[in-house]
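Visitor: Hey, can you walk me through this one? I'm new to this.
Guide: Sure, take a look first.

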Amino acid sequence: MKKAKILGIIFIAVVGALLIYKYCKPPATVKVNNNFNIEYNLVDENNVFVYKGIDEILITLDKGTGIIFLGFPESSWCQSYVKHLNEIAIEKNIDIIYYYNFKAIRDNNTEKYKKLVNRLDDYLYLDDTDNYRLYAPALVIVKEGKIIAFDNETSLMTSPILTNEYWTEEKINNFKTKIGGYFDTYLVNTINSI
């Protein structure tokens, strides 16, 4: 009986510590780089984005855990997307989102781009030549090599719709709810695996 009480107290303490960690840690406004806000000028220098190379992205997709943003700064849709994504990440205490600019490898159709497309093809659209193509912006959330969420809400947007016309208050709130839910799932899965 005494052993059961001790185990119960330990269990409650562990659950309490996990809840405190999840809900009471300071906001994720860690200055992780100095360049992201130069390329993405709608995000300030205190952001959650960390540059990664294609090899690191492929490893994360195959067997890692993390949140990956795939895009490029020349896209006004990526510019707007990261602004809202960064705000949600900070609200949800996400410390790091990996960033990779895939434009050059896509333009050159490199082997690593083909590997990236092959890994994501369940979530991608076919192009005019019936090949899967990665469009930007794209968000991939991975847990131990399993994709648990993918979002490319504005990846196929083109003129005449402008980003400021698309991102109405309602769309921003819906986006925050959707991505916030993905982050909650990611955080629960990550904490449960500790």
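Visitor: What's the strand order in the open sheet?
Guide: The order is β1-β3-β2-β6-β7, with mixed pairing. Strands here are DSSP runs of E, at least two residues, and helices are runs of H or I, at least four, numbered from the N terminus. Two strands pair if DSSP finds at least two bridges between them.

Visitor: Can I trust the numbers?
Guide: It's a predicted model, so local features need pLDDT of at least 70 and side-chain atom pairs 80 or more, while totals for chains, interfaces and linings use all residues. Residues count from 1 along each chain as its sequence is written, and side-chain values use heavy atoms, leaving out hydrogens and water.

Visitor: Back to the sheet: which strands are at the edges?
Guide: β1 (49-51) and β7 (146-151), and each pairs on one side only.

Visitor: And how do β2 and β6 pair?
Guide: They're antiparallel, over 5 bridges. Leu70, for one, has Ala138 in β6 as its bridge partner.

Visitor: New topic: how many aromatic pairs are there?
Guide: The count is 16. Rings of Phe, Tyr and Trp (its six-membered ring) pair if their centres lie within 6.5 Å; planes under 30 degrees apart are stacked, over 60 edge-to-face, the rest tilted. Phe36 and Phe49 are stacked, 4.2 Å centre to centre with 15° between the planes.

Visitor: Is Phe36 buried or exposed?
Guide: Buried, because its relative accessible area is 0%; buried means under 20%, exposed over 50%, partly exposed in between (1.4 Å probe, protein chains only). Phe49 is buried with 0% too.
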